[in-house]
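Please look over the chain shown here and work through its fold, its interior and its surface, with attention to where the coordinates can be relied on.

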Amino acid sequence: MALSLATILLQAGVTVDSLSSAVADSIVNASGPVQEVTKVVVEEFSVLDLLGKGGYVMYPIGFLFAAAVFLFIERYLYIRKTAKLDENFLHTINDMLQAGNVQGAINFCKTNSYPIAKLLEKGLSRLGSPIRDIEAAIENKAKVEIYNMEKNLGILSAIARIAPMFGFLGTVTGMIRTFHNISISNKIDISTIAAGIYEKMVTSASGLIVGIIAYVLYTLLTTMIDRTINKMEITAIDFLDILHKPASKS
């Protein structure tokens, strides 16, 4: 009886050891695929791969983004050049007018590429006319210069509105793709709907981001234009004051 009990206990010990070894081996073998799956998931979340999952709608969104950046740089450089003005510019014209050298003041304005110089040139060319005619000439020239500064800003504003619409279009095409995949496979699982959901979310986010960036760039340019217009108005007022001074002395 004692021998049979010892034999049973010994066999039970061997069984427990074998089970422990089997469990340990299964854990070790299972850890490898888990690590590989985690590694694959991390690799899939690169920016380019994520954008590529947006489908064909990403092409017009990318084009709108490139166009917005190009228009901003081009307009920024032009407006920045337009806003520049030598501090002694108006003083030089004042000295020439005080000396009676009107033609010299006109030629001085022609040699400067500042839009404000073009305004003053137009006013100097009307000297001898009533002051209201001079003001009207300056205002008309200012409208032309403001139009040149605001050129293509409408396109940038349109991009800020159109880009989110393309994102919404990608949402629709993504849902269409999802239901199409479901109808073909006749089942609903992650592998079936993932492509369409990716397209939906990526295009929506990309469209909104491009729209926000374009709107911010548009706002920056309009702010620069407003400051430049204010500077032009101040210079024009100072110029008209210079024209009034000789008349008040006489």
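The questions and answers below go from the overall model to single residues.

Q: What kind of model is this, and what average pLDDT does the protein have?
A: This is a predicted model, in which local features need a pLDDT of at least 70 and side-chain atom pairs count only at pLDDT 80 or more, while totals for chains, interfaces and linings use all residues. Residues are numbered from 1 along each chain as its sequence is written, and side-chain values use heavy atoms, with hydrogens and water left out. pLDDT is the predictor's confidence in each residue, from 0 to 100. At least 70 is reached by 70% of the residues, and the protein averages a pLDDT of 75.

Q: Which helix has the lowest confidence in the protein?
A: Helix H3 has the highest confidence, at a mean of 90. Over residues 12-16 the pLDDT stays under 50, and the model has 0 contacts for them beyond four places in sequence, a contact being heavy atoms within 4.5 Å. Where pLDDT is low, the predicted coordinates should not be read in detail. The lowest confidence, at a mean of 47, belongs to residues 2-44, that is, helix H1.

Q: How many helices and strands are there in the protein?
A: Helices (H or I, at least four residues) and strands (E, at least two) are taken as DSSP runs, numbered from the N terminus. Read along the sequence, the pattern is α-α-α-α-α-α-α-α-α. The count is therefore of DSSP runs, and it comes to 9 helices and 0 strands.

Q: Which helix gives the largest share of the largest nonpolar core?
A: A nonpolar core is a set of buried Ala, Val, Leu, Ile, Met, Phe, Trp, Tyr and Cys residues joined through side-chain atoms within 4.5 Å, where buried means under 20% relative accessible area, exposed over 50% and partly exposed in between (1.4 Å probe, protein chains only). The largest such core has 43 residues, and those with the most contacts inside it include Leu124, Leu221 and Phe239. The elements that give two or more residues to this core include H3 (58-83), H8 (153-185) and H9 (190-249). The largest share, 14 residues, comes from H9.

Q: Is leucine 221 buried or exposed?
A: Leucine 221 is found in helix H9. Beyond residues up to four places away in sequence, Leu221 touches Phe72, Arg75, Tyr76, Ile79, Leu153 and Leu156. Its C-alpha atom is separated by 7.4 Å from that of arginine 75, although the two are 146 residues apart along the chain. With a relative accessible area of 0%, leucine 221 is buried.

Q: Which residue forms a salt bridge with arginine 75?
A: Side chains of opposite charge can pair when their charged atoms come close, and a salt bridge is here a side-chain nitrogen of Lys or Arg within 4 Å of a carboxyl oxygen of Asp or Glu. The structure holds 1 salt bridge. Arginine 75 lies in helix H3 and is buried, with a relative accessible area of 4%, whereas glutamate 74 is partly exposed at 29%. The closest N and O atoms are 2.8 Å apart, and the partner of arginine 75 is glutamate 74.

Q: What is phi of asparagine 152 near?
A: Most residues other than glycine have a negative phi, and most peptide bonds are trans. Asparagine 152 lies in the loop between H7 and H8 and is partly exposed, with a relative accessible area of 29%. It is 77 residues from arginine 75 in sequence and 8.0 Å away in space, C-alpha to C-alpha. Its phi has a positive value, near 70°.

Q: Which helix gives the most to the nonpolar surface patch?
A: Patches are made of residues with over 30% relative accessible area and no salt bridge, like charges being joined within 9 Å and nonpolar side chains (Val, Leu, Ile, Met, Phe, Trp, Tyr) within 5 Å; accessible areas come from the Shrake-Rupley method with a 1.4 Å probe, and for residues only the protein chains shown count as cover. The patch of about 580 Å² is made by Phe65, Val69, Ile73, Tyr76, Leu77, Ile209 and Ile213. Isoleucine 209 lies in helix H9, but the most, 5 residues, comes from H3.
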